[in-house]
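Here are my notes on the model you sent over, set out as numbered points. I hope they are handy to have beside the viewer.

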Amino acid sequence: MFTAKQIVRFMKQSLFTFIKSLREFLASKLNQYNTTLPYVITVIVALIIVVVGINLFIELTDTLKTETLAYYDTAITDYVISHRSPSLTSYFKFMTNIGDTYGYLIVLSIFLLVSLIVFKRWKYVVQATLVLALATVSNMMLKRFIDRARPGIEHLVSVETLSYPSGHAMSAMAFYGFLIFLVTKFNIQKVMKYVLIIVLITIILSIGISRIYLGVHFPSDIAGGFIAGFIWVVFCVLVFDLIELFRRDPKT
């Protein structure tokens, strides 16, 4: 069974090997070789892969109009809202607020203090903010492109935007998912690391479920948001590791 550190180390070594091979190939093909070119090409290729992934994601949204998906959306929604109670409503309203603008501002402020005081580095906050910003902007674009209306049931909170994919689910997966990646890198006790990961996973799932519970999203909206948010996590981890690799060894 591989540990998280071993997996990350393997990914970095594979990335290092790939970049070195790419550099040697370009060096043999280009007369005037620029050492930064492989990095630029690698980032562009990664960006193209993400864009293609997003396009495939949009194509898959055609299933939103199928009767099968409508059946499962309705069945899951009915099951979730059948458990409504004053205590659960308070909990899920709290969780949905954590996944909103003011919630992220508070979490980012706390994360900034922890990064500066404990880790003596502010780059993690910048990275997490960038991941969140990318997820938010792309979510707005996807919502406008897909143009899916909200569920026609009682909404326990006010909403103004379109439905698919869920912005709360997408941002939660991107932001808190990236924090999970950072936690795996932090040099802290294993017990604390596992506790933090469990808490972050609980936050992601709770924010997603809250949108169904509050009647403002279909379950497929949440699934789409989680998928899109995860794409941004993977892409940003790749880019940040590339930057770190280039910074440490500009000649790779």
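1. Tyr-124 is a good place to start: this residue lies in helix H6. Helices here (H or I, at least four residues) and strands (E, at least two) are DSSP runs, numbered from the N terminus. With a relative accessibility of 9%, Tyr-124 counts as buried; buried means under 20% relative accessible area, exposed over 50%, and partly exposed in between, using a 1.4 Å probe and protein chains only. Leaving aside residues up to four places away in sequence, Tyr-124 touches Phe-111, Ser-115, Phe-178, Leu-182 and Phe-186, where contact means heavy atoms within 4.5 Å. Its C-alpha atom is 8.3 Å from that of Leu-112, 12 residues apart in sequence.

2. A word on provenance before going further. This is a predicted model, in which local features need pLDDT of at least 70 and side-chain atom pairs count only at pLDDT 80 or more, while totals for chains, interfaces and linings use all residues. Residues are numbered from 1 along each chain as its sequence is written, and side-chain values use heavy atoms, with hydrogens and water left out.

3. For the overall picture, the protein has 9 helices and 0 strands, so to speak a pattern of α-α-α-α-α-α-α-α-α when read along the sequence. Of its 252 residues, 41% are buried. Among contacts with a separation of 6 or more, 76% are between residues 24 or more positions apart.

4. Helix H5 covers residues 101-119, and its length checks out: at 1.5 Å a residue, 19 residues should span 27 Å, and the end C-alpha atoms are 25 Å apart, which agrees. The expected span is 1.5 Å times one less than the number of residues. Which residues of H5 are buried? They are Gly-103, Tyr-104, Leu-108, Phe-111 and Ser-115. Seen down the axis of H5, these buried residues fall within an arc of 120°, so they line one face of the helix; the arc is that of the directions from the helix axis to the C-beta atoms.

5. On the other side of H5, Tyr-102, Ile-106, Leu-113 and Ile-117 are exposed. The cover over the buried residues of H5 includes helix H4 (86-98), helix H6 (123-146) and helix H7 (167-185). Just after H5 comes Lys-120, with a positive phi of about 60°.

6. How do H5 and H7 sit relative to each other? Their axes come within 13 Å and cross at roughly 10°. Axes are lines fitted to C-alpha atoms, for helices over the stretch in contact, and angles run from 0 to 180 degrees between N-to-C directions. H5 and H7 are therefore roughly parallel to each other; angles under 35 degrees count as roughly parallel, over 145 as roughly antiparallel, 65 to 115 as roughly perpendicular and the rest as oblique. H5 contributes Tyr-104, Val-107, Leu-108 and Phe-111 to the contact, and H7 contributes His-168, Ser-171, Ala-172, Phe-175, Tyr-176, Leu-179 and Leu-182. These residues divide into 9 nonpolar, 2 polar and no charged. Here Ala, Val, Leu, Ile, Met, Phe, Trp, Tyr, Cys and Pro count as nonpolar, Asp, Glu, Lys and Arg as charged, and the others, Gly among them, as polar.

7. Ser-171 of helix H7 deserves a click of its own. At 7% relative accessibility, Ser-171 counts as buried. Apart from residues up to four places away in sequence, Ser-171 touches Tyr-104, Leu-132, Ala-135, Thr-136 and Tyr-176. The C-alpha atoms of Ser-171 and Trp-232 are separated by 9.6 Å, with their positions 61 residues apart along the chain.

8. The loop between H6 and H7 holds two backbone details, one at Asp-147 and one at Pro-165. Most residues other than glycine have a negative phi, and most peptide bonds are trans. Asp-147, not a glycine, has a positive phi of about 55°, and at 51% relative accessibility Asp-147 counts as exposed. A cis peptide bond joins Tyr-164 and Pro-165, with omega about -10°.
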